[in-house]
Amino acid sequence: MALTLREVLDLDVVRRGQPQVMAAADRLDTPVRWVHAAELTDVGRLLRGGELLLSTGIALPDSATGLAAYVAELAGAGVTGLAIELGRRYTGTLPAPLVAAAQAHGVPLVAFGREVPFVEITEAVHARIIDAQLARLRAAERMHETFTELSVAGAPAEQIVRSAGQLADRPLILADLSYQVLAFSPGSPDAGTGPRRADRDPRRLLDGFASRARAACDGRPRTFYAQGPGWLVTTVGARGEDWGRLFLVCDGGSPPAPEDTVLVERAATTLALGRLLTRQAESLERQAHRTLISAIIEQSDADPAEAAARARAMGVPVTGRQLVAAVVRIPDSGPGLSAHAAVLGVAEAVADACRDARVPALVGSLDDVRAGALLSLPEHADTDDALTALSARLTARLSARPFLQRPGVPAAAGAGSTALVIGTGPPATALRDVRRSFLDAREVADVAIRHPDGRPYYRLPDLRLRGLLHLLRDDARVRAFAERELGPLLSYDAAHGTHLVSDLAVYLNAGGNKALAAAHAHLARPTFYQRLRLIERVLSVGLAEPESRASLHVALLTLKPDG
């Protein structure tokens, strides 16, 4: 920011001269471009504007008319102010005609009550001015390097907005043309400690943002300053296709500096270029939703009020609603299509299905095999009906996608024909409880993908014993139990090249029916029965005993969850 006359008067070297503002005190925030000392009555012809003129007054005219003409010439030259040292020409105070002329022309007039070396003032002010110019050059270089790196790296919108907000040290909001927030940055990580004083509270900035932004932007040019809300706004887009706006929140309603305008326009250009060059199918809306969902899941200490404000700004109400976390799990993608592209396609399909069902939702990819959705349902809505309808809409949208078909299952097989599964957590009534719901949904989906049975969606109770063992899979006591039950059989298979563990799994999955198990194993009954007797000898158990079969089944599910 440019050095103002008010800041110059606050410098120690200037305060030693006991400065007193005699006229135009309302113009002290005018920038000082340079300091000039001169004892000429026609000094105006030597000035270029923006100078603080220092004088002892020894060359000033005696008449009131001459003094008025002198001040008028300075005003015409665009000086920032006139400072006169008392003691040589004037004592006690400055002449009234000079003060009146300065007030009339809006030229700040300062009287120094004590002698102060003008050279010390010029050195101090010029050092500040040069330092500020050097800082602006360094900031411009840093801005150029930052945005160039972001462009080359193909950075997502939220990273560009975050970096731009930190460069500006002010909150920055990216919204689409319907004023739904796509990305938000509070500014510098050290918010509130620097010279920037903008209110960085996300709740205050984002609550009601759409209506305020719509009113501020109506009929405005591509880049403008909205004085009411204190926003510097620029349009984002390229090739005649505008798709968003950037809102830089300025300090206390003060107009932005020219470098702020350069920064937001450069950020807008980087965003537009990134959208043109990206080959990634993920939309900006999905990116914004993914960022918020990830914050809810991964940051257990995140502020729920801030997350709620961000969700509302994205068009998803979270107060007085049933919040249902759902995780869509897909297997590895087929040949020719990356796993990441597959899950992005699923996320877009889930978002489309939610829009079709008129269900407000945050939807985004979680990783290469999972997409997450936070559904906002009415307080008294039937969650089963809503999830079943959503599953049907999703199945319909994905039925033509071959990479999601289970081998051997035709696309027309109906609900559940796609390889994906939907895991859900218990409904939450507050955003702070959604994290637990998402974690449950992810666990449910990870188990259900191994044994899908055509349900429209899965909950933890649907998985029964298999779900419980999945949740306890890392418990050392459970794994020790499984090793005790099956360890001898695993060692026998390893030593003799047999597959008795697999034979045991077939037998147990057949409910202890030896004839049915032999058929499933594609073996003659005598051969299969002989293997069962061998298993009994190796394990020293009787397979006819229900408790033995139950213990072995639990051990198998623990060690071989896909069995």
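Rings of Phe, Tyr and Trp (for Trp, its six-membered ring) form an aromatic pair if their centres lie within 6.5 Å; planes under 30 degrees apart count as stacked, over 60 as edge-to-face and the rest as tilted. The structure, a predicted model, holds 3 aromatic pairs. One of them joins Phe209 and Trp231 in a tilted arrangement, with 5.4 Å centre to centre and 50 degrees between the planes. This pair links distant parts of the chain, since Phe209 lies in helix α8 (residues 209-217) and Trp231 in strand β9 (residues 231-238), 22 residues apart.

Residues are numbered from 1 along each chain as its sequence is written. Local features need pLDDT of at least 70, side-chain atom pairs count only at pLDDT 80 or more, and totals for chains, interfaces and linings use all residues, while side-chain values use heavy atoms, with hydrogens and water left out.

**Sheets**

Helices (H or I, at least four residues) and strands (E, at least two) are DSSP runs, numbered from the N terminus. Two strands pair if DSSP finds at least two bridges between them.

An open sheet of 5 strands follows the order β1-β5-β4-β3-β2, with mixed pairing. Because β1 (19-23) and β2 (34-37) each have a single partner strand, they stand at the edges, and one side of each is left without a neighbour in the sheet. From one strand to the next, the twist averages 25 degrees; axes are lines fitted to C-alpha atoms, for helices over the stretch in contact, and angles run from 0 to 180 degrees between N-to-C directions. Strand β2 runs parallel to β3 (residues 51-55), and 4 bridges join them. Trp34 stands opposite Glu51 in β3.

Another open sheet of 5 strands has the order β7-β6-β10-β9-β8 and antiparallel pairing. Its edge strands, β7 and β8 (223-226), each pair on one side only. The twist here averages 20 degrees from one strand to the next. Between β9 and β10 (residues 241-249), which run antiparallel, there are 8 bridges; Val233 has Phe247 in β10 as its bridge partner.

**Helices packed on the sheets**

The table gives the packing of three helices, where contact means heavy atoms within 4.5 Å.

| Helix | Strands touched | Angle between directions |
|---|---|---|
| α4 (residues 96-105) | β1, β4 (81-85), β5 (109-112) | about 70 degrees with β1 |
| α5 (residues 118-153) | β2, β3, β4, β5 | about 165 degrees with β2 |
| α8 | β6 (172-176), β7, β8, β9, β10 | about 85 degrees with β9 |

**Lining of a pocket**

The lining of the second largest pocket divides into 16 nonpolar residues, 4 polar and 8 charged. Here Ala, Val, Leu, Ile, Met, Phe, Trp, Tyr, Cys and Pro count as nonpolar, Asp, Glu, Lys and Arg as charged, and the others, Gly among them, as polar. A pocket is, on a 1 Å grid over the protein atoms alone, an open set of points where a 1.4 Å probe fits, with protein on both sides within 12 Å along at least five of seven lines; lining residues have an atom within 4 Å of a point. Helix α10 gives the largest share of this lining, 5 residues.
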